[in-house]
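Visitor: Please show me the structure, and then let me put some questions to you about how its chains are built.

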Amino acid sequence: MGLFTGLLTLPLAPVRGVAWVAEQIMDEAERQLYDEATIRRELLVLELEFEEGVIDELELRDREEELLQRLEVSHARARMEVADGQPEPGQDERAEDENGRQ
Amino acid sequence: MAMTRGPGGGYVQRSGSSGLYEILDLLLDKGLVIDVFLRVSLVGIELLTVDARIVIASVDTYLRFAEAVNRLDLGNSEGEGLPDLVQDITEGGAESKSRGVLEGAKNALFGSDDEDEESEEESSDSGSGSRSRSRSRSGSSSRSRASRGRQS
Amino acid sequence: MAEYVYGILEPAATAPAASGIAGAPLRVVGGDGAAALVSDVPAGELRFGREELLTHSRVLEAAIADGTVLPMRFGVVMEPTEVRKRLLESHGEALRAQLHELAGKVEMSVRVLYEEQPLMRGLVAQHREIAELRDRVALQAPDATYYERIRLGELVAEALERRREADAAELLEELSAVSLAVNVGASTHERVALSASFLVRRDGQDAFDETLERQAAARRDLMRFKCVGPLPPHSFVDLAAAV
């Protein structure tokens with residue numbers, strides 16, 4: 001991936017300014033946020049913390065809810081990617097958007 | 001909350017699957033699959049605000065493991081309680097996340113360039129927010145293998 | 001209106017006493033070889049939350065109390081005609097075969113977790129390289145040992161993985177002897193020694209439980225065991241019904 005190597009070697013020239021850098025970081029952060037494997041792992045950690053008395057049920061529910069929401073978004077995004085190429089009215093712009101971002 | 005003995009004096013902690021997380025993998029990854037496009041409306045689900053926190057992956061993991069063995073008090077059978085360790089580990093993850101992005105980048109630099117290259121390739125784990133160390137990929141179910149047991 | 005499909009039942013089955021998603025009543029859509037357990041949902045508005053996931057699970061558990069059920073993955077919503085034609089008719093034979101094969105069998109989901117302290121202590125005791133490096137690191141200030149700590153962590157990670165593979169293999173050996181089939185999950189966290197689902201005959205469940213208890217008792221200093229079940233056989237329906 002070389003995200004940080006990229007950041008290193010680039011002079012902050014006008015061609016790729018701070019805004020570009022920020023966007024790359026946001027893209028990567030967002031990708032990680034909705035990465036399914038990551039979310040699953042966080043759910044497991046949550047389970048361990050609850051069982052071992054680190055967090056109480058209230059916090060468990062809160063964080064679980066957030067993780068499930070992220071999981072739902074993650075699935076929706078995955079489905080939109082799968083839908084690429086399928087004839088679907090109104091879907092094309094979104095599909096291209098996903099493509100463009102990849 | 002931690003149980004070492006289940007009902008009936010056994011050591012296996014049992015559940016009737018009332019806990020969601022215990023069966024989440026089964027519900028989402030297993031079962032019969034129908035290949036139709038499921039239309040799910042995202043109305044009402046607000047996309048969470050994305051924080052620009054990047055966790056430096058495998059280096060973080062190794063430091064965490066080092067920390068875990070370093071904290072062991074080997075001369076003493078007591079040692080630190082489990083909950084503390086779990087908490088520390090997740091806090092450690094949170095700590096690295098709350099560092100500013102530039103600072104995070106600096107830490108990545110601090111390791112050798114080779115280290116960075118390697119760590120990009122490897123999947124890795126740490127506290128929340130990073131890629132998991134398993135070989136599962138995003139969007140796909142965890143790879144599993146079925147095999148026959150000996151009961152007949 | 002669309003139909004949310006929970007699972008596949010035997011042709012003559014009746015709907016279990018439970019309510020479906022958003023409180024909608026369950027009903028059985030009949031076929032020749034197999035029937036579908038469904039409830040009405042508004043098309044395109046299925047929520048993905050805790051409530052829906054739990055409902056899906058509870059409906060299936062109610063169903064398996066009455067007879068064989070092949071669980072659907074969560075979130076399958078279809079047009080009613082699709083359910084009849086593309087699911088039940090097209091795949092009737094295969095579904096019937098699965099119903100037959102899984103009759104009287106349940107799934108036991110087992111997760112074995114390491115206790116962190118004993119695990120780490122064990123790794124240090126078993127690997128001199130780790131113990132020595134740990135000692136060296138302990139003598140110096142953290143600033144001076146950045147690379148050593150990374151190296152130490154790396155060694156621990158490797159030793160841990162080897163340990164985990166060995167433990168998992170032993171556990172699988174023991175539990176395979178009292179089950180019909182096993183589905184092993186990929187390792188997702190270093191503290192999970194084993195995450196696996198076992199297919200067990202209902203009348204073989206006692207033997208399975210006894211073996212699990214024995215293992216848990218024998219390994220209690222290092223691991224803790226969790227078991228969910230009996231469950232509908234989510235992991236053992238292998239029909240990928242491509243529509």
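The questions and answers below deal with two chains in turn and with one contact between chains.

Guide: This is a predicted model, in which local features need pLDDT of at least 70 and side-chain atom pairs count only at pLDDT 80 or more, while totals for chains, interfaces and linings use all residues. Residues are numbered from 1 along each chain as its sequence is written, and chains are lettered from A and ligands numbered from 1 in the order in which they are written.

Visitor: Is chain C spread out or compact when set against the globule rule?

Guide: Along its principal axes, the C-alpha trace of chain C spans about 70 × 40 × 30 Å. The globule rule (2.2 Å times the number of residues to the power 0.38, with the radius of gyration taken over C-alpha atoms) gives 18 Å for the 243 residues of chain C, and because the radius of gyration is 23 Å, well over that value, chain C is more spread out than a compact globule.

Visitor: What percentage of the residues in chain C is buried?

Guide: A residue counts as buried if 20 or more other C-beta atoms, placed from the backbone, lie within 10 Å of its own. Among the 243 residues of chain C, the buried share is 49%.

Visitor: How are H5(C) and H6(C) oriented to each other?

Guide: Helices here are DSSP runs of H or I with at least four residues, numbered from the N terminus. The axes of H5 (residues 128–139) and H6 (residues 146–176) of chain C, which are lines fitted to C-alpha atoms over the stretch in contact, with angles from 0 to 180 degrees between N-to-C directions, come within 10 Å and cross at roughly 155°. Angles over 145 degrees count as roughly antiparallel, and H5(C) and H6(C) are therefore roughly antiparallel.

Visitor: Which residues of H5(C) meet H6(C)?

Guide: On the H6(C) side, the partners include C:Leu152, C:Leu155 and C:Val156. Contact is assigned where C-beta atoms, placed from the backbone, lie within 7 Å, and the residues that H5(C) brings are C:Glu129, C:Ile130, C:Leu133, C:Arg134, C:Arg136 and C:Val137.

Visitor: How many residues of chain A are in contact with chain C?

Guide: Chain C takes part in this contact with six residues. Their partners in chain A number eight residues.

Visitor: In what order do the elements of chain B run?

Guide: Chain B has five helices and three strands, a strand being a DSSP run of E with at least two residues. From the N terminus on, the order is β-α-β-α-α-α-α-β.

Note on methods. A residue is buried if 20 or more other C-beta atoms lie within 10 Å of its own, exposed if 12 or fewer, and partly exposed in between; C-beta atoms are placed from the backbone. Angles under 35 degrees count as roughly parallel, over 145 as roughly antiparallel, 65 to 115 as roughly perpendicular and the rest as oblique. Two residues are in contact if their C-beta atoms, placed from the backbone, lie within 7 Å.
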